[in-house]
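The following note sets out comments on the model shown below. The points are numbered for ease of reply.

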Amino acid sequence: MKYKSVLVTRRGGLEAVRIVENELHSPLAGEARIRVLATPVCQDDVAIRLGKRPFLKKPPFTPGYTCIGTVEAVGENVTEVAVGDRVAALTQYGCHAEIIYWDAAELVHVPETLDPAEATTLILNYLVAYQILHRVAQVKPGDKALIIGASGGGGTAFLQLGQLAGLKMYGLASASKHAILTGYGAAPIDYHRQDFVEVIRQTEPGGLDYVFNGMGEEYFERSLSILKRGGKLIHYGGPQSFTRFLLLVVKLIFYNLLPNGKTIIGYGTHRLGTDLFKEDWARLFELLAAGQIKPIIAKTLPILDAVTAYEMLESGSVTGNIVLLAPELQQI
Ligand SMILES: NC(=O)c1ccc[n+]([C@@H]2O[C@H](COP(=O)([O-])OP(=O)(O)OC[C@H]3O[C@@H](n4cnc5c(N)ncnc54)[C@H](OP(=O)(O)O)[C@@H]3O)[C@@H](O)[C@H]2O)c1
């Protein structure tokens, strides 16, 4: 028996992406074999192919940061999940495939009542936003925040969870995407045409409590300038190269040494660990089930049509999330 997966054969553009066939095998001890139902496409899936991240796997590799699927087989000593369970995984690589093998201890059960396309966006984008808002920043109602990169998969998760937390929000986004920000009660700023520092200084002369930055370290100085004393800049954008990573670290140290009462905190999903992920995913599943959050699914495509999805994401035209689906879900 065989299954298909997306394969990045070398660093480069979309011409480096192939669909390949692989032999299905039994899972190893401690592992589960999962048939992928839904897997989102995020900026890091594109960046790892282009080589725009430090510490990358060498090609060939299958992209796909997270997925939801059904356990099809389990290896020896697996007690955490059973055949037929609906589970999710945060794998960083490998989810853009019909099948993925993953450590059973790292899987989380997903309620079958949830729409897999919506639920799969919770595993990375909403997890990041939730952990930054509630574990790192510990926001409270009325706090004032700017979201940089507010219209994308990660940004719209911040908007929804920020609205739920009672924040007063500002967001940077292209003008064509402003309606989505106002829909969540955020004041949009078109960073292509407006100087966001000027806008915030005029509307919030006392400064902001938080800036959530999903872009690069080039936003540090301007973000710090609009924070009030005691304010925090929380940075979660992936650095584009090893040099940019070093620059990021140097800037993090330098700006935190300045006696201005402002702090920069770097967030990465590796920082908080699987136990806290599971706790936060459970909370996010509850919020989705209760209709308190509703991920924006800009487009769904078949898993093996990943190239179209990468192209759409790279074009910058997407508001919200693109999700790849198994054929049986895509036909619905
Ligand atoms: N640290 C972590 O664990 C973690 C996890 C997930 C994601 N991330 C990071 O989060 C970031 C966003 O990822 P994503 O998947 O949400 O991306 P996405 O869906 O592609 O959204 C990014 C959006 O940012 C906007 N943008 C692009 N360049 C910009 C700029 N220079 N200034 C302001 N906005 C800009 C674009 O919208 P407009 O047209 O509106 O400008 C774009 O749609 C990436 O840097 C990724 O590495 C980090």
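**Comments on the predicted model**

1. Thr 319 counts as partly exposed, because 19 C-beta neighbours fall inside 10 Å, whereas 20 or more would make a residue buried. The residue sits in the loop that joins H10 to strand E15 (321–325). Not counting residues up to four places away in sequence, Thr 319 touches Ser 151, Lys 177, Ile 180, Ile 296 and Ala 298. Pro 239, in turn, is 80 residues from Thr 319 in sequence, with 22 Å between the two C-alpha atoms. It should be kept in mind that this is a predicted model.

2. As to the overall form, the protein chain contains 11 helices and 15 strands. A compact globule of 332 residues would have a radius of gyration near 20 Å, and the protein chain agrees with this, having 20 Å. Along the principal axes, the C-alpha atoms fill a box of roughly 65 × 40 × 35 Å. Of the 332 residues, 44% are buried. Among contacts with a separation of 6 or more, 67% join residues that are 24 or more positions apart.

3. The domain assignment divides the protein chain into domain 1 (2–121 + 295–330) and domain 2 (124–270). Each domain supplies 15 residues to the contact between them. On the side of domain 1 that touches domain 2, seven residues are nonpolar, five are polar and three are charged. The C-alpha centres of the two domains are 28 Å apart.

4. The largest nonpolar core comprises 90 residues, and those with the most contacts inside it are Val 36, Ala 88, Ile 100 and Ile 147. Helix H3 (residues 122–137) provides the largest share of this core, namely 11 residues. The core lies between domain 1 and domain 2, because both give residues to it. In general terms, nonpolar side chains in soluble globular proteins tend to be buried together. For Val 36, contacts beyond four places in sequence include Cys 67, Cys 95, Ile 100, Ile 303 and Ala 326.

5. Which residues are closest to the ligand? They are Gly 152, Gly 154, Ala 173, Ser 174 and Gly 238, out of 28 residues that surround the ligand. Helix H1 (43–50), H3 and helix H4 (153–164) are the elements that give two or more residues to this shell. H4 gives the most, with three residues. By class, the shell holds 12 nonpolar, 14 polar and two charged residues. Since domain 1 and domain 2 both give residues to the shell around the ligand, it lies between them.

6. H1 merits a separate remark. Its buried residues are Gln 43, Asp 45, Ile 48 and Arg 49. These buried residues pack against strand E1 (2–8), strand E3 (31–41) and helix H10 (306–315). Gly 51, just after H1, takes a positive phi of about 80°.

7. Is Asp 275 buried or exposed? Asp 275 is exposed, because 8 other C-beta atoms lie within 10 Å, and a count of 12 or fewer meets that criterion. The residue belongs to helix H9 (residues 274–289). Thr 263 is 12 residues from Asp 275 along the chain, and their C-alpha atoms are separated by 27 Å.

How values were computed. Residues are numbered from 1 along each chain as its sequence is written. This is a predicted model: local features need pLDDT of at least 70, side-chain atom pairs count only at pLDDT 80 or more; totals for chains, interfaces and linings use all residues. A nonpolar core is a set of buried Ala, Val, Leu, Ile, Met, Phe, Trp, Tyr and Cys residues joined through C-beta atoms within 7 Å. Helices (H or I, at least four residues) and strands (E, at least two) are DSSP runs, numbered from the N terminus. Domain bounds come from an automatic or database domain assignment. Two residues are in contact if their C-beta atoms, placed from the backbone, lie within 7 Å. A residue is near a molecule or strand if its C-beta atom, placed from the backbone, lies within 6 Å of it. Ala, Val, Leu, Ile, Met, Phe, Trp, Tyr, Cys and Pro count as nonpolar, Asp, Glu, Lys and Arg as charged, and the others, Gly among them, as polar. The radius of gyration is taken over C-alpha atoms; the globule rule is 2.2 Å times the number of residues to the power 0.38.
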